[in-house]
Amino acid sequence: MLLKAFLVGGTICLIGQLLMDLTSHKITPGHILVGFVTAGVVISSLGYYQPLVDFAGAGATVPLTGFGHLLAQGAIEEARRAGILGVFKGALSAAAGGITAAVVFGYLAALAFKPKG
């Protein structure tokens, strides 16, 4: 399982790095973030991301595409239960733990380190 996770996660990261290095318009990390989360949502909505998660575990859930998958699955499940408003509620509920961790650890990092500016 570790090898599969490494290979799948590494391939996703390699694609992002190649996009930044080899494009003539110099795609930025911000472009990669939005593109990969959006790609995760689209691939998950089409039903192709869950088999990748089943195969590679954290190798598919940890990269940004995995966050998109999480948002899509939360939105789909809650939309089935509560209708159109469930789309918004479900996506945020599913990702609440990850979003909270990002905010808390980002805040702690900002307290611990001073920017070079």
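Lysine 89 and glutamate 78 form a salt bridge in this predicted model, and their closest N and O atoms lie 3.4 Å apart. The pair ties together distant parts of the chain: lysine 89 belongs to helix H6 (residues 84-112), while glutamate 78 sits in helix H5, with their positions 11 residues apart in numbering. Lysine 89 is partly exposed, at a relative accessible area of 45%.

Glutamate 78 has a second partner. Its side chain also meets that of arginine 81 in a salt bridge, at 2.7 Å from N to O. Here both residues come from helix H5, and because they are three residues apart, about one helical turn separates them. Taken together, Glu78, Arg81 and Lys89 are linked in a network of salt bridges. If you go looking through the whole structure, two salt bridges are what you will find.

How do the three members of this network compare in exposure? The table sets them side by side.

| Residue | Relative accessible area | Class |
|---|---|---|
| Glutamate 78 | 14% | buried |
| Lysine 89 | 45% | partly exposed |
| Arginine 81 | 62% | exposed |

Glutamate 78 counts as buried because its relative accessible area of 14% falls under the 20% cut-off. Arginine 81, at 62%, is exposed because its value is over 50%.

Now let us turn to helix H2. This helix runs over residues 29-45, which makes 17 residues. From its first C-alpha to its last, H2 reaches 24 Å, close to the 24 Å expected at 1.5 Å a residue.

Which residues of H2 are buried? They are Ile32, Phe36, Val37, Gly40 and Ser44. These residues lie on the same side of H2, because they cover an arc of only 120 degrees around the axis. On the other side of the helix, His31 and Val34 are exposed.

And what do the buried residues of H2 pack against? Three helices share that role: helix H1 (2-22), helix H3 (49-56) and helix H5 (64-82). Helix H5 is a familiar name by now, as arginine 81 and glutamate 78 are both found in it.

One last detail is worth a look as you follow the chain onward. After H2 comes glycine 47, and the phi of this glycine is positive, near 90 degrees.

Notes: Residues are numbered from 1 along each chain as its sequence is written. This is a predicted model: local features need pLDDT of at least 70, side-chain atom pairs count only at pLDDT 80 or more; totals for chains, interfaces and linings use all residues. Side-chain values use heavy atoms; hydrogens and water are left out. Helices (H or I, at least four residues) and strands (E, at least two) are DSSP runs, numbered from the N terminus. The expected span of a helix is 1.5 Å times one less than its number of residues. Buried means under 20% relative accessible area, exposed over 50%, partly exposed in between (1.4 Å probe, protein chains only). The arc is that of the directions from the helix axis to the C-beta atoms. Contact means heavy atoms within 4.5 Å. A salt bridge is a side-chain nitrogen of Lys or Arg within 4 Å of a carboxyl oxygen of Asp or Glu.
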